[in-house]
Structure formats: C-alpha cells, structure tokens
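Dear colleague,

I am handing over the structure we spoke about, and I would be glad if you could open it alongside this message. My notes on it come after the file.

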Amino acid sequence: MAASPGGSPAPAVEEPAPQPEAHAREPGSDRRASRGRLSFCTKVCYGIGGVPNQVASSATAFYLQLFLLDVAQIPAAQVSLVMFGGKVSGAAADPVAGFFISRSRRTGSGRLMPWVLGCTPFIALAYFFLWFLPPFTNLRGLWYMTFYCLFQALATFFQVPYTALTMLLTPSPRERDTITAYRMTMEMAGTLMGATVHGLIVSGAHSPHRCEEAEFPGPVAVSPNATCLYSIAAAVVAVTYPVCSGLLRLGVKEPPDPSAPVSSQDTSFLAGLALTVRHPPYLKLVISFLFISAAVQVEQSYLVLFCTHASRLHDHVQSLVLTILVSAVLSTPLWEWVLQRFGKRTSAFGICMMVPFAILLAAVPTAPVAYVVAFVSGVSIAVSLLLPWSMLPDVVDDFQLQHQHGMETIFYSSYVFFTKLSGAGALGISTLSLEFAGYEAGACKQAEQVVVTLKVLIGAVPTCMILTGLCILMVGPALKVPSQDTSRRLSLRRRTSYSLA
C-alpha cells in the first residue's frame, strides 16, 4: 500500500456512502465489515499466500551454504559473495518494489494482487535453477550469484505487496494482529515443510558413509545422485508458488486502496521514505530488529554446518531442524495470546530465551543438549518473527495520526529492505570468516580453526546481536496502540480519499 496524504478531515467523515452499497447484497458480510472482521476463509487463504516464500527461504537458510560448499564445491570466499550479493539484491529490490507498487494502477484483481500473481512463475524458475548443478566448473560462482540475486529480488516483489495487504483488509488493530498471527502460523508451517521436505529428499547426498570410505581426509567426490536429489527438492518447493498464489487469489478479495492515487500526486516516493525513516517509533523498531533478524539468520544458516563439521550430530540434523520448526509453529498461537494479554513490548523478552541455550550448545554439543536448544530456539524464533509484523501496523497508524499520510507500502518495503541488508552483512562476513579459518570445500574433516569459528557463529554472535536488539527496543516509552475507533477513522479517511480521487 502506497503513500497516502489522506485528504482533508472533513470529507473523510462525510462521504462513506459507496461502501454500504457494495455490501448490501450480503447482510452478514455487511455486519462483519462494520466491525472490521474478516471471515475464517479469508484469514486462512491470506495466510496460505505467505507459505511459498517461507518454504523456499527455509530450504535456502538451512541448506544453501551446505550445497554450495559441499556439492557445488565452490570456495568459501565465493560462497560469501553469493550469500552477500543475493541478500543485497533482495534488500535493494524493496525500495524499488515500493516505488513501482505505489505508482501502479488498480486492475480488476486490485493493485497489490497483480504483483503477487505476476511474480509467481518467474520466482519458481529462478528457485529451481538456484539448485541446479551446471556442467561447467569455472563459472559456477557466477551462476549461483545470478540466480540467487534473481530469486531474492523476485521474492521481494512477491512479499512486499503481500504483506502490505494487511493494512487494507481490515481497519481493526485486533483483527490485523489476528490475520498477522494466521499469516505467521501458516508461514511457520511453510518453513517447517520447506526444511523437512527438502532435507528428507537431499539427505542421501550427504551420507556420512562417504567419508568413512574415503582414503584421504581431503575433498570427496559428490555422490552421483546428489545433483538429481537437489533438483527434485527444488522442483517440489517451486511448485508451491503457483499453488499457494492461486489459493490466495481465490480466497482474498483486495479492497479498494485509497492511498495510491493521492500519494502519487502529492508525495514522491523518496520524500515519503525520508519521512518514514525520521519517525522515531519506526526507527527504533527497524534498528532493534536489524540485530534480532540477523541473529536468527546466522543461527539458521550455520546450524547444519555446525552439526556436520563441529560436532558429532550429523545423524541428528534432520531431527534438530524439525524440532526447531515444530516448536516454532506450535508456539506461534501461544505468542499471539501473550501479545494480546501482556502487550507486545513484554512479549519481546521471549526472544532472549535462546541466548543461554545457544551458548550451551556451542560449549556442550551433545545430542540431549542439542534437542533442548532446538526446542527453545524454535519458541524464540516464533516471537522474533511475529512481533515486528504485529508492531508495524501500529507504527503506520501512529505516523498517519501525526502526518495525515498512510505510506503503508513505503513502511513495509523499507522495513524489509533494512532487515535484509543487515542479514546480508551478517551472512557475508560470517561466511568469509570460514574462508579465513581455512574451510576446505567438500572435505570430510575440517581444521580446528574452522570448528572454533563455527562454535562462535552458532553461540556468541547470535547472543550479542539479540541482546543489542532488545536493549534498543526497550529504550524509551512504548508505542501507544491506536484504539479501535481511531483505526476505523484512519481507514475511513483512506477510503474517502480514494473516492475523491
């Protein structure tokens, strides 16, 4: 949703006439709309729309580095460039997506929905070729850089309009929190499905017996069926894009977006971006979750490498990943209740639950400890993903009360931009540290310096980032959540601006 100056206050209260006509045919729907409530089907279908990006992101987060290092066997320095370049590409695409979406015209499917549907086939193709092993060896790094950058950029053009739909679907803060919880629960399920299905399919490509049969401790040839297994896994994940996008289109009808016609005339995208980044509540939210989201990405990215090369947990990799994701999925509804009951700021302390356990895993990498750490980490990851998306609509409403502008698309796209940029820096630097430590691609046994580096990356690095982010989030007064009446007035102002435009 784009920038919205909102128009003058007087007509915003006097011209709600077109809306009752639109719903006159369905009295039950009219009553539900008057309360700002959404049907169960709409909530579920909206949640399903976020599944494919999470399925793909989960698979890449847990297994892409392992694939590039041990299957594609490209040097760790090139892997660092691939990870950094891909994340930067996704981050750079966020403001670009916000710019074009804020100036796009409404179609029969809405203004945001066509972007989601149009990106779907291209993301599926880019994701598939990301896991394809080309026949040449010299330019493999460039191959994976190209398709990872393309995948991240297209995923951004899919995700920005999808998440921005939250502000249009209902004016009620409670309902927005509810559909955010539905979305996060479905996305957690997608994360679980992505890591589990992908991991089960490619598990044969990383059998520990290949090292036992090797005569030398150096690099070992990839099993003949490894490339086939990764291609099958990529195809399975890619199919989720058209399936889930189709369900999203069938179950969610995009309401009229009032902000685009006015914003494109009165406020430029860059001017709107300058306004949003100077809004103190938004600035605090972004800076705090820069550190927290980067910590979660580092923890996910190095868990499999840590289990494979820095501990004797190779046989437990699938079970540990499954434990993390199942605990995250199951705890998401609980965290939604905590958010409603105790407030969002109090719920943030749930993120730090994983801090002592991450350090414990690095110090005592045994199977019982690993499973406890995996469970607690999943609980913490759930709230770290749910909390910012629950706080962001409140920040948007607070901004509009002060400036008479909505600028929802700019808020959402710039938030994703900053978090992806922090993840790019964290993953790029951490992967480069493996190169400096002497990581040998495809080797069965790594040097002691590599083992120590992996322990630091799985324990100390996420701990410092999480504590820093929480300290920033807790500084200053808490953001006041707008009342139901205030949010309805803001929504009415958006709709009236649209009719006047």
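What follows goes from the overall make-up of the protein to its cavities, its salt bridges and a patch on its surface.

Please keep in mind throughout that this is a predicted model, and that every value below was computed from it.

As regards the overall make-up, the protein contains 22 helices and 0 strands. Of its 501 residues, 57% count as buried. If one takes the contacts between residues at least 6 apart in sequence, 86% of them join residues that are at least 24 apart. The area that the protein exposes comes to about 19700 Å², and carbon and sulfur atoms supply 68% of that area.

Turning to the interior, a search of the whole structure finds 4 cavities of 30 Å³ or more, and the largest cavity has a volume of about 910 Å³. This largest cavity is lined by 39 residues, of which Gln54, Ser57, Lys87, Gln297 and Leu385 are the closest to its centre. As for the helices around the largest cavity, at least two lining residues each come from α5 (51-71), α6 (76-102), α8 (140-169), α9 (173-202), α14 (280-309), α15 (317-342), α18 (367-403) and α19 (408-437). If you wish to look at this region on screen, the five central residues named above may be a convenient place to begin.

The charged pairs come next. Side chains of opposite charge can pair when their charged atoms come close, and the search of the whole structure finds 3 salt bridges.

One of them joins glutamate 175 to lysine 43, with 3.4 Å between the closest N and O atoms. This pair links distant parts of the chain, since glutamate 175 belongs to helix α9 and lysine 43 to helix α4 (residues 40-49), 132 residues apart. Glutamate 175 counts as buried because its relative accessibility is 11%, and lysine 43 is likewise buried, with a relative accessible area of 10%.

Another salt bridge is formed by the side chains of glutamate 187 and arginine 183, at 3.1 Å from N to O. Here both residues lie in helix α9, where they are 4 residues apart, or about one turn of the helix. Glutamate 187 has a relative accessibility of 4% and therefore counts as buried, while arginine 183 is buried with a relative accessible area of 2%.

The remaining pair to describe is aspartate 394 with lysine 344, whose side chains meet in a salt bridge at 2.4 Å, N to O. Because aspartate 394 lies in helix α18 and lysine 344 in helix α16 (residues 344-347), this pair ties together parts that are 50 residues apart in sequence. Aspartate 394 is buried at a relative accessible area of 3%, and lysine 344 is buried at 12%.

On the surface, finally, Val239, Val243, Leu247 and Leu250 form a nonpolar patch, and together these residues have about 370 Å² of accessible area. Valine 239, one of the members of the patch, is found in helix α11 (residues 226-251). With a relative accessibility of 48%, valine 239 counts as partly exposed, because that class covers the range between 20% and 50%.

With best wishes

Conventions:
Residues numbered from 1 in each chain as written. Predicted model: local features only at pLDDT ≥ 70, side-chain atom pairs only at ≥ 80, totals over all residues. Heavy atoms only, no water. Buried < 20%, exposed > 50% of the residue type's maximum accessible area, 1.4 Å probe, protein only. Contact = heavy atoms within 4.5 Å. Areas by Shrake-Rupley, 256 points an atom, 1.4 Å probe, with all protein chains shown as cover. Patch = residues over 30% accessible without salt bridge, like charges linked within 9 Å, V, L, I, M, F, W, Y side chains within 5 Å. Salt bridge = Lys/Arg side-chain N within 4 Å of Asp/Glu carboxyl O. 1 Å grid on protein atoms, 1.4 Å probe; cavity = no way out; pocket = protein on both sides within 12 Å on 5 of 7 lines; lining within 4 Å. Points joined across faces, edges and corners; volume = space filled by probe spheres on them.
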